[in-house]
Amino acid sequence: MKTITVEQLVKNYQNGKVVTNALKGISFSVDQGEIFGVIGPDGAGKTSLFRILTTLLEADSGTATVDGFDVVKDFKKIRNCVGYMPGRFSLYPDLTVQENLEFFASIFNTSIEENYDLIKEIYQQIEPFKNRRAGQLSGGMKQKLALSCALIHKPTVLFLDEPTTGVDAVSRKEFWEMLHRLKIQGITILVSTAYMDEATLCDRVALIQNGQLLSVNTPKGIISEYPNSLWAIRANEMYALLHAIKADPDIESCYPFGQYHHVAFKNPESNQKKLEQIIQNGKYTDVEIKTITPNIEDCFMALMN
Amino acid sequence: MKQFLIFIKKEWLHIWRDRRTLFILIWMPIVQILLYGFALTNEVKNSKIAIFDQAKDDASRAVSNRIAASRYFSLVKNLHTYKDIDATFKQGKIRMAIVFPAGFRNDLLHANHAQIQLIADASDPNTANTLANYATAIINDYQQELNQHQDLPYTIQVQVRMLYNPELKGAYNFVPGVMALVLMLVCAMMTSISIVKEKEIGTMEVILVSPLKPFRIIIAKTIPYLLVSLLNIASILLLSVYALGVPIVGSLTLLLAESILFTITSLSVGILISNTAKTQQTAMFTSMMSLFLPTLLFSGFLFPVENMPAPLQVISNIVPARWYFIIVKAVMIKGLGFASIWKETTILLGMTVALLGVSIYQFKTRL
Amino acid sequence: MENNQVITAKDLTKKFGDFVAVDHISFEVEKGEIFGFLGANGAGKTTAMRMLCGLSLPTSGVATVAGFDIYKQTEMIKKRIGYMSQKFSLYEDLTVFENIRFYGGIYGLRDEQIRQKTASLMKQLHLEGEEKTMVRSLPLGWKQKLAFSIAIVHDPAIVFLDEPTGGVDPVARREFWSMIYDASERGITIFVTTHYMDEAEYCDRVSIMVDGRIDALDSPANLMKNYGVNSMDEVFLQLARKAVRTAE
């Protein structure tokens, strides 16, 4: 059975005369026990999708089910079985760590003791600060507390809307490790992020942009769908190099990636020689050219165009 | 049930930890009562008066001198025509005028019965009343002195005329008025702000996704404010009885029951506001504009409703505080029982049921 | 300028009670340099940036920004810097032109200059004809690019960018960086914080703060070489994991 199914969801917002199409008819499904990533920039429609699935919003058209329940008709049943962590960690800043956790446990008719096993590993890291007000925690600790609160009632499906936004690289890494341990417990996780590099940590991902899905696949599958072969190039004058490459009519795309530029050609027959030819016209030193496997960000940008 | 209690506990923590707001909530009614009760009560020392003496005999002069010599009054003008009285009042030069009819002494000594007219500016009813009482007391003194040597008593009939506000509506008005104001403010404004705050910090999303029923969310959020309001009612009543000497003439139980009813009315208004407001500021301004000002203006607290233009009188009917105000005055000041306020109570109850119904129906189970 | 250093900091320290938010940091930034300022949440980046922008007085240490002392000449500093952050950059309920006019006005640009700047900005950003569009209805990528252009509308000596590209789509993010390069070529110094480690690699030099100290400061290539790794991500993780501080 599919834990989440989404069929042709459409959501528009009207603000005065301006209509925003947040979701333009998207469909996908998530298997039980999967970590499914919804990956795209801000404004792509991720939060609208999450709010529809957590029964907080009604779609204009299309259907969706969570754990077999319809998100509109059976919204009460869904509210009993899902855990939800909204984009802004929704904690009470004036309550302490423990008070927040107790409160969220009780509104789901449970107690901290009852499900302590599930959150133990995460909560233990913040337990030394349990009498501190949530408003005084660092980003990473807030994130852990919010996750504990979302897990405390042992949900079957966990919705995490941009849990790693504004959190530093170390905390992000730790967070993903926690998600993988939760997956082992059989919890289905739908997670959204604007960080493309987090895609590879998911079992499957949906790339989303402007309310449309660009692709739904395993991270490997998405990479294998990349249409061109890709080169990485670097030299001493990176910025001049970028302009020189972009100016060539044969180039499909050239994007900076850290110390390299990633280059794809329109004509599949063009190859390394073409790049060398472009370089010869300038006065570059320390040139390095190599073929590379695209990453999710390469794929995303290729799909955007 | 446990869910529910924990929710209430959480609300208490919010209120308790925001000490500054709590401080204001508790002290505001006390300060208001003291302010209206003492600071704004007019000093009746050296109040300016005018005398229109048509008799100009030794009896009228004797009374005039006694009044003018009193520390309460200071005579600023002797008037010569009836018209002058009106004009002097309008110029705001005096607070009271004393009129002796022609032949005052004659009436007193030969008919044993004379009249004095006191005309007071009752737009400030407290002061007007006090001044009239003082003047009457001085006249009575004089009358008693005369009567010491008399078998057949002389009587001076004091005829008091209150200008501008003949029925002296407004005496003790501030206690019921402050009660209505404070309850509206605490219940409606604070409830709406606390609900909207949860929307702002995003916790509302998580609560809505929980199995907690929206109806219970609302009730749990309002109960702590209900308690704070009861505390406020208690402090207002204690102050008014012991510090201001405004007694509770009628039934205390009835008064408290009616106050709780009005508290629930205010709470429903608060929920109603929070349903539409998206930010705390909006909630606050909506409360101010739609509750605070109408309560102040239309409840009869500051301005007698009867003196307002007809359209405003009609508007005042939809202000819940107006009915509560009438009820409190009836029970507390006049000592009337439920029989005489059942109509107002029914109206208030009807409003409450309607408001509560609409606000719960409108409360969004989704965003 | 005779002195090519736009920022100099020596033993700059900020304490809040017993808590040492910024602990004796020393560094220099040269004119036109793109300087990456990295660190985990709570490492002290924000506090350090506030001091350099003249918003907060240091507890001890010395520093100059654009040649001005950060203790005494904060008003002069504010005239010579630009600032943009992810959280707040533009007024959403004003139009594109109104935003430009407002910020231009703050920095004392004349109406004529503002009109010229607006025209050239619109062209540069391919936003021609959008002057009267509410900023609210622009896509995030455009908003951030516009915000950056406005932050440098008065040709500051240095511009501080606080996580300018958070949540922006990958293409717009690269367009944004290309604007950063353009500004740097024009001699504007860039001081930028980011959570994207590939962006750290675009910087000329990168400093990494851990527990209020600067634990590493070098070019990305040298840092990777010194730590024996292939990406800035790994350099950052190695350093940030040493942190003992947990709260902000």
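**Group meeting: chain B, and a sheet in chain C**

Okay, let's start with contacts inside chain B: taking those with a separation of 6 or more, 79% are between residues 24 or more positions apart. Keep in mind that this is a predicted model.

So what does chain B look like overall? Its secondary structure adds up to 14 helices and five strands. The radius of gyration is 27 Å, while the globule rule gives 21 Å for 367 residues, so chain B is more spread out than a compact globule. If you box up its C-alpha atoms along the principal axes, you get roughly 90 × 40 × 35 Å. As for burial, 37% of the 367 residues in chain B count as buried.

Now the domains. The assignment for chain B has domain 1 in two pieces, 2-41 and 169-362, and domain 2 at 47-147. Going by C-alpha atoms, the centres of domain 1 and domain 2 of chain B are 45 Å apart.

Next, who touches whom? There are two pairs of chains in contact, and chains A and C share the most contacts. Chains B and C, on the other hand, don't touch, and their nearest C-alpha atoms sit 16 Å apart.

Last stop, chain C. Here four strands make an open sheet, ordered E2-E1-E4-E5, with antiparallel pairing. At the edges you have E2 (19-30) and E5 (68-69) of chain C, each pairing on one side only. Let's zoom in on one pairing: strand E1 of chain C, residues 5-16, runs antiparallel to E2(C), and eight bridges join them. For a spot to click on, try C:Gln5, which stands opposite C:Glu30 in E2(C).

Note on methods: Residues are numbered from 1 along each chain as its sequence is written. Chains are lettered from A and ligands numbered from 1 in the order in which they are written. This is a predicted model: local features need pLDDT of at least 70, side-chain atom pairs count only at pLDDT 80 or more; totals for chains, interfaces and linings use all residues. Two residues are in contact if their C-beta atoms, placed from the backbone, lie within 7 Å. Domain bounds come from an automatic or database domain assignment. Helices (H or I, at least four residues) and strands (E, at least two) are DSSP runs, numbered from the N terminus. The radius of gyration is taken over C-alpha atoms; the globule rule is 2.2 Å times the number of residues to the power 0.38. A residue is buried if 20 or more other C-beta atoms lie within 10 Å of its own, exposed if 12 or fewer, and partly exposed in between; C-beta atoms are placed from the backbone. Two strands pair if DSSP finds at least two bridges between them.
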